[in-house]
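Let's take a friendly walk through a protein and its DNA. Have the sequence and the picture open, and look back at them as you read.

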Protein chains: 2
Amino acid sequence: METVTDAALADTLREAGLKVTEPRVAVLTALTDIPHSDADTIFGAVLPSVPGTSLQAVYGVLAALTTAGLLRKIEPAGSSALYERRTGDNHHHIVCTECGAVRDVDCVVGHAPCLTPSDAGGFTVQVAEVNFWGVCPDCQTALTQTSAD
Amino acid sequence: METVTDAALADTLREAGLKVTEPRVAVLTALTDIPHSDADTIFGAVLPSVPGTSLQAVYGVLAALTTAGLLRKIEPAGSSALYERRTGDNHHHIVCTECGAVRDVDCVVGHAPCLTPSDAGGFTVQVAEVNFWGVCPDCQTALTQTSAD
DNA sequence: GCAGTTGTTTTGAATAACTCAAGACAACTT
DNA sequence: AAGTTGTCTTGAGTTATTCAAAACAACTGC
C-alpha cells in the first residue's frame, strides 16, 4: 500500500551508499510515522512488517543509518536514546517532564545564540546540544484538572 | 588536615536538612576537588578516606544530595551521569569529544537566549539543558602534532 | 538470469550504569 | 544515655546497549 514511500526510502538509502534491506526500510518508515522513538519502540513498530527481526538488528540498523547521516540520535537526560529522520538542520527538542513526549523546536533563524558560548575556555566548539524540559499541552490540562478536584 | 573544609561541608549538609555522615562529607570533598565526576570516579576518590564504603552508597549519597539541591547532575549524551557542586546559577557545559573533559560555560549574562525557544508548541518551558561539544586545548595540541607527523 | 563478493542480519551472550530491598548501623533529639 | 529516624552496607536485579560469529541477502559483473 505504501510502495511509493518504500521506493523513496530505498532511493534515500542507496544515495547514502547503503544497501537496501527490509529492516532498514521498515525502520525509516517507522521513524517517519513516529519520530523521536527509542530502539524498543521502533522494534515494536517494525516487527509486524519484518517478522523475523530482532532488537539487536534494530540497533544495528539505527547505528548504520545514524553513521550515514540519515538519522539523528538524541539522548535526553534520563531517557534512552531516541531517533529521528530530521537531520541537517540543527533544531532542538523539548521533552515533557510528565509524559516524556518529545517535540521539535526550531532554533531562531538567522542567528544561533546557543552555538556561541560566552567563554569556551579554549575549547573549539563544534556542536551545541540543547534540550528543553517542560510540560506538554496535554499534561498541562491533566494537571489543571487534577488540582481542580 | 582539611578539617576546616570538612566543618564547612558539615554545615552545608545541616543547612540542607541532611544528616552529616562521613560518606556525604567525603563525596562533597571529592566533588570540590574534581568536579564533573561520575559515580565511579567519586567512589574511587572517596574510598581511601571511607574504606568500608561501596559504589551503591555513593549512588545513594549522590541521589540524596542532588534531591536536596546540593549537587547538580548532568548527563551528556553518551556518557554516564556527572555531578558538580555548582548549583543555582544556570551555567552550561562543554565536553571534549576526544578525551571527555568537561568544563563550565557561563551563559551570557543579562539575557538567556537559550531559554526562550522560538516556538515551544504549547509546551511550558521550565529548564533548558545545554551541552556544547568540542575539542579541548590539550587535545587540539595533540591532534595537531599527530597530523604533523 | 546466475554466481561471487561484500556487507547485513540473526542468534546468543556479555557489559555497564544504575536501581531496589532488607537488615545493620549511626546521627541527632530529649 | 537511650530512642527514633534516617543512612549505609550488602547483595541481587534491571535495563539499555554492545560485541562476536555464523547464516544470509543485496548489488556487481558475467
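Which helices each supply at least two residues of the surface near DNA strand D? Keep in mind as you search that what you see is a predicted model. The answer draws on both protein chains: helix 4 (55-67) of chain A takes part, and so do helix 2 and helix 4 (55-67) of chain B. Of these contributions, the one from helix 4 of chain B is the largest share, at three residues.

Let's stay with DNA strand D for a moment. It is surrounded by 18 residues, and the closest are Tyr59(A), Ala81(A), Lys19(B), Thr21(B) and Ala57(B). Sorted by class, the residues of this surface are seven nonpolar, seven polar and four charged. You can also ask which part of the DNA strand faces the protein. Among the atoms of DNA strand D within 4 Å of the protein, 70% belong to sugar or phosphate, and the rest belong to bases.

Some individual contacts make this picture more concrete. Arg14(A) places a polar side-chain atom 3.4 Å from a phosphate oxygen of DNA strand D. Ala81(A) uses its backbone instead: one of its backbone N or O atoms lies 2.9 Å from a phosphate oxygen of DNA strand D. Lys19(B) reaches a base, with a polar side-chain atom 2.9 Å from a base oxygen of DNA strand D.

Now turn to the other DNA strand. DNA strand C is surrounded by 18 residues, and the closest are Lys19(A), Thr21(A), Ala57(A), Tyr59(B) and Ala81(B). Here, 70% of the DNA strand C atoms within 4 Å of the protein belong to sugar or phosphate, with bases making up the rest. The residues of the surface near DNA strand C are seven nonpolar, seven polar and four charged.

Which atoms come together at DNA strand C? A side-chain N or O atom of Lys19(A) is 2.9 Å from a base oxygen of this strand. Arg24(A) has a polar side-chain atom 3.1 Å from a phosphate oxygen of DNA strand C. From the other chain, a polar backbone atom of Val20(B) is 3.0 Å from a phosphate oxygen of DNA strand C. The elements that give two or more residues to this surface are helix 2 (22-33) and helix 4 of chain A, together with helix 4 of chain B. Helix 4 of chain A gives the largest share, three residues.

With the DNA in place, step back and look at chain A as a whole. Its secondary structure comes to five helices and six strands. Starting at the N terminus, you meet its elements in the order α-α-β-α-α-β-β-β-β-β-α. Chain A has 149 residues, of which 39% count as buried. Its accessible surface is about 7900 Å², and carbon and sulfur atoms account for 54% of that. If you take the contacts in chain A between residues at least 6 apart in sequence, 45% of them join residues at least 24 apart.

One residue to find in chain A is Thr12(A), which sits in helix 1 (residues 3-15). Is Thr12(A) buried or partly exposed? With a relative accessible area of 24%, Thr12(A) is partly exposed. Leaving aside residues up to four places away in sequence, Thr12(A) touches Leu70(A) and Arg85(A).

Next, try helix 2 of chain B. This helix, residues 22-33, has 12 residues, so at 1.5 Å a residue it should span 16 Å. Its end C-alpha atoms are 17 Å apart, which agrees. The buried residues of this helix are Arg24(B), Val25(B), Ala26(B), Val27(B), Leu28(B), Thr29(B), Ala30(B) and Leu31(B).

Finally, look at a backbone detail. Most residues other than glycine have a negative phi. His36(A), however, has a positive phi near 60 degrees. You can find His36(A) in the loop between helix 2 and strand 1 (37-38) of chain A, and its relative accessible area of 15% makes it buried. In chain B, His36(B) has a positive phi of about 60 degrees and is not a glycine. His36(B) is in the loop between helix 2 and strand 1 (37-38) of chain B, and at 14% relative accessibility it counts as buried.

Notes. Residues are numbered from 1 along each chain as its sequence is written. Chains are lettered from A and ligands numbered from 1 in the order in which they are written. This is a predicted model: local features need pLDDT of at least 70, side-chain atom pairs count only at pLDDT 80 or more; totals for chains, interfaces and linings use all residues. Side-chain values use heavy atoms; hydrogens and water are left out. Helices (H or I, at least four residues) and strands (E, at least two) are DSSP runs, numbered from the N terminus. The expected span of a helix is 1.5 Å times one less than its number of residues. Buried means under 20% relative accessible area, exposed over 50%, partly exposed in between (1.4 Å probe, protein chains only). Contact means heavy atoms within 4.5 Å. Accessible areas come from the Shrake-Rupley method with a 1.4 Å probe; for residues, only the protein chains shown count as cover. A residue is near a molecule or strand if one of its heavy atoms lies within 4 Å of it. A polar contact is a pair of N or O atoms within 3.5 Å; within protein, one must be able to donate a hydrogen and the other to accept it, and residues adjacent in sequence count only if both atoms are side-chain atoms. Ala, Val, Leu, Ile, Met, Phe, Trp, Tyr, Cys and Pro count as nonpolar, Asp, Glu, Lys and Arg as charged, and the others, Gly among them, as polar.
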